[in-house]
Amino acid sequence: MAAVAAIFWKDGRDTDVESLQHLKQGLRIFGKAQQVTSALGPCGMAFSVQGGFDKIDGPLICSNGPIRFCFEGRLDNRSELIERLGADMRHLPDNELAMRSWLTSGPQALDHWVGSFAFVAFDSQTNELVAGRDHLGSRPLCYHDTPSRVVVASAPRIILSLPDVARVIDEQKIADQLVQMFHDGARTYFEGISRVLPGHFICANRDGITHRCYWSLGTVPPIRYRSDAEYVEAGRALLEQAVRSQIGANDKVGSFLSGGLDSSSVAVTALDHIDAGRDLNCYTWAPSKDWDGKCRPGSYGDETPLVLSLIHI
């Protein structure tokens with residue numbers, strides 16, 4: 001578990017240490033094993049990571065000349081990025097690889113990233129802050145915008161750690177949630193705090209803040225094959241590629257497993273990509289001992305028998 005936060009003063013004033021410390025304190029719930037802050041003129045960044053599987057080897061906040069760069073997440077197409085950059089960067093962790101890509105292409109680098117991520121980049125030469133999310137929004141990122149300042153963070157509670165940010169519940173969001181209206185993806189449960197939409201990034205400078213979309217499902221060209229067999233073959237190839245990219249070089253791999261086709265397909269595929277003779281640890285939900293057996297019609301309240309049957313195949 002990891003999280004990122006940044007503060008940017010549009011009027012050019014230097015970031016104060018006190019605000020950075022408040023953000024750092026707000027990040028502590030996301031991990032205390034590795035924590036760091038960095039300030040460069042009007043921008044300050046903070047990063048926190050729990051450790052264990054999320055442990056990052058290398059700087060948590062990357063820097064290169066006028067650039068400060070903070071990346072939370074992972075890249076699933078490392079080999080493609082390394083080939084595009086034209087240098088042997090296999091030793092670099094994902095955050096440094098992402099920064100090298102950003103230095104080369106700027107926001108256009110997002111066209112070549114595949115993975116689950118949120119990032120913040122600051123350029124002291126242009127005095128501009130850029131913050132964005134991955135294509136599907138699997139990593140959260142939100143922001144609080146005022147005439148003089150922008151605060152970006154992985155969660156509203158981090159932004160609310162600043163004492164001058166009001167804790168006001170957005171009643172419209174509560175009402176929308178109660179009637180299951182999810183049309184306003186940018187709205188959060190707190191007034192003044194908004195989400196960066198999936199496939200989007202924001203740019204903040206002295207003139208204000210702008211929103212830009214770099215990817216949407218509607219821009220994906222349709223895929224057509226000549227037969228059902230070709231669709232099956234392409235689907236299997238994509239499943240293999242996705243599972244292989246998730247495993248990477250990890251020596252400890254686990255998989256969620258239910259009685260359905262999706263999770264069982266992922267688990268079985270993963271077996272082909274771990275060392276021979278090793279077991280794949282799988283995890284599932286099981287009802288409590290006092291469960292009365294009731295569940296919705298057409299659903300399973302206890303999938304344990306299905307999971308066990310899969311294990312013994």
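1. Helix α1 and what it covers. In this predicted model, helix α1 (residues 17–27) lies across four strands: β1 (2–9), β2, β3 (43–49) and β9 (149–153). The helix runs at about 160° to β1. That makes α1 a handy place to start looking, with the sheet as the next stop.

2. The sheet under the helix. The sheet is open and has 6 strands, in the order β2-β3-β1-β9-β8-β10, with antiparallel pairing. At its edges are β2 (34–40) and β10 (193–195), each of which pairs on one side only. From one strand to the next, the twist averages 15°.

3. Strand β3, enclosed. If you follow one strand through the model, I would suggest β3. Of its 7 residues, 7 are buried, so β3 is largely enclosed by the rest of the structure. Both of its faces are covered. Cys-43, Met-45, Phe-47 and Val-49 are buried on one side, and Gly-44, Ala-46 and Ser-48 are buried on the other.

4. The partners of β3. On the β1 side, β1 and β3 are paired in the antiparallel sense over 7 bridges, and Ala-3 has Ser-48 of β3 as its bridge partner. With β2 there are also 7 bridges, and β2 and β3 again run antiparallel. Here Ser-38 stands opposite Met-45 in β3. The β2 and β3 strands form a hairpin with 2 residues between them. In that turn, Gly-41 has a positive phi of about 60°.

5. The β10 edge. At this end of the sheet, strand β8 (residues 142–145) is joined to β10 by 3 bridges, and the two run antiparallel. A pair to pick out here is Tyr-143, which stands opposite Ser-194 in β10.

6. A buried lysine after β1. Lys-10 lies in the loop between β1 and α1. Is this lysine buried or exposed? Its relative accessibility is 8%, and the cut-off for buried is under 20%, so Lys-10 counts as buried. Setting aside neighbours within four places in sequence, Lys-10 is in contact with Asp-145, Thr-146, Pro-147, Ser-148, Arg-149 and Val-150, and also with Asn-205, Arg-206 and Gly-208.

7. Aromatic pairs around Trp-113. The model has 13 aromatic pairs. One of them joins Phe-69 and Trp-113, edge-to-face, at 6.4 Å centre to centre with 85° between the planes. Phe-69 lies in strand β5 (residues 67–75) and Trp-113 in the loop between α3 (94–105) and β6 (115–123), so this pair ties together parts that are 44 residues apart in sequence. Both rings are enclosed: Phe-69 is buried at a relative accessible area of 0%, and Trp-113 is buried at 1%. Trp-113 also pairs with Phe-71; the ring centres are 5.8 Å apart and the planes lie at 85°, so this pair is edge-to-face as well. Phe-71 lies in strand β5 too, so its pair with Trp-113 ties together parts that are 42 residues apart in sequence. Phe-71 counts as buried, at 2% relative accessibility.

8. The wider aromatic cluster. Which residues make up the aromatic cluster that includes Trp-113? They are Phe-69, Phe-71, Trp-102, Trp-113, Phe-117 and Phe-119. I would display these six side chains together when inspecting this part of the model.

9. Helix α5 and its ends. Asp-170 caps the N-terminal end of helix α5 (residues 171–178). One of its side-chain oxygens lies 3.0 Å from the backbone nitrogen of Gln-172. Just after α5, Gln-180 takes a positive phi of about 60°. There is also a charge-ring arrangement to look at: the charged end of Lys-173 sits over the ring of Tyr-189, 5.4 Å from the ring centre.

10. The chain as a whole. Stepping back, the chain has 8 helices and 14 strands. Its C-alpha atoms fill a box of roughly 65 × 55 × 45 Å along the principal axes. Of the 313 residues, 38% count as buried. Among contacts with a separation of 6 or more, 56% come from residues 24 or more positions apart.

Conventions. Residues are numbered from 1 along each chain as its sequence is written. This is a predicted model: local features need pLDDT of at least 70, side-chain atom pairs count only at pLDDT 80 or more; totals for chains, interfaces and linings use all residues. Side-chain values use heavy atoms; hydrogens and water are left out. Two strands pair if DSSP finds at least two bridges between them. Axes are lines fitted to C-alpha atoms, for helices over the stretch in contact, and angles run from 0 to 180 degrees between N-to-C directions. Contact means heavy atoms within 4.5 Å. Rings of Phe, Tyr and Trp (its six-membered ring) pair if their centres lie within 6.5 Å; planes under 30 degrees apart count as stacked, over 60 as edge-to-face and the rest as tilted. Buried means under 20% relative accessible area, exposed over 50%, partly exposed in between (1.4 Å probe, protein chains only). A charge sits over a ring if NZ of Lys or CZ of Arg is within 6 Å of the ring centre and within 35 degrees of the ring normal. A polar contact is a pair of N or O atoms within 3.5 Å; within protein, one must be able to donate a hydrogen and the other to accept it, and residues adjacent in sequence count only if both atoms are side-chain atoms.
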